[in-house]
Amino acid sequence: MGEECMCELEKSCAFFQSAEGFSKVIQAVRRTLCSTDPKNCARYIVHKKLGPEDVPEHLFPCDIIQAERIVHDESPEIKAG
Ligand code: SF4
């Protein structure tokens with residue numbers, strides 16, 4: 001397929017590793033965020049702020065809001081009201 005990844009987390013990123021053979025949407029994310037703009041990836045942000053162990057396996061790269069909640073230690077499960 002020959003898609004270059006410029007993200008330094010490529011080797012350890014569960015999303016990237018599991019994207020092989022998955023949906024076109026996921027592969028499109030690889031081609032955009034992973035290849036051109038990793039600093040705007042939710043997984044990248046959490047990894048850099050908190051460390052690899054705090055990146056949820058299911059965190060979608062486009063979910064910046066969730067990433068912000070995680071780095072600010074706001075549990076998304078506990079919502080008032
Ligand atoms: S999903 Fe994010 S952290 Fe993972 S390889 Fe792509 S840009 Fe990097």
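This explanation follows helix 2 of a predicted model and then turns to the surroundings of the ligand.

Helix 2 covers residues 24-36, a run of 13 residues. From its first C-alpha to its last, the helix reaches 17 Å, which is close to the 18 Å expected at 1.5 Å a residue. The helix nevertheless has a bend of about 25°, located at Arg30.

Which residues of helix 2 are buried? They are Val29, Arg30, Leu33 and Cys34. Arg30 is thus both the site of the bend and one of the buried residues. An α-helix has 3.6 residues a turn, so residues three or four places apart point the same way. The buried residues of helix 2 pack against helix 1, which spans residues 14-18.

Ser35 also belongs to helix 2. Why does Ser35 count as partly exposed? The reason is that Ser35 has 15 C-beta neighbours inside 10 Å, whereas a buried residue needs 20 or more and an exposed one has 12 or fewer. Ser35 also illustrates how the chain brings separate parts of the sequence together: Ser35 and Met6 are 29 residues apart in sequence, but their C-alpha atoms are 5.1 Å apart in space.

The ligand has 13 residues around it, and those that come nearest are Cys7, Cys13, Cys34, Pro38 and Cys41. Helix 1, helix 2 and helix 3 (42-50) are the elements that each give two or more residues to this shell. By class, the shell holds 11 nonpolar and two charged residues, with no polar ones. Cys34 links the two parts of this account, as a buried residue of helix 2 and as one of the residues that come nearest to the ligand.

Methods
Residues are numbered from 1 along each chain as its sequence is written. This is a predicted model: local features need pLDDT of at least 70, side-chain atom pairs count only at pLDDT 80 or more; totals for chains, interfaces and linings use all residues. Helices (H or I, at least four residues) and strands (E, at least two) are DSSP runs, numbered from the N terminus. The expected span of a helix is 1.5 Å times one less than its number of residues. The bend at a residue is the angle between axes fitted to the seven residues ending there and the seven starting there. Two residues are in contact if their C-beta atoms, placed from the backbone, lie within 7 Å. A residue is near a molecule or strand if its C-beta atom, placed from the backbone, lies within 6 Å of it. Ala, Val, Leu, Ile, Met, Phe, Trp, Tyr, Cys and Pro count as nonpolar, Asp, Glu, Lys and Arg as charged, and the others, Gly among them, as polar.
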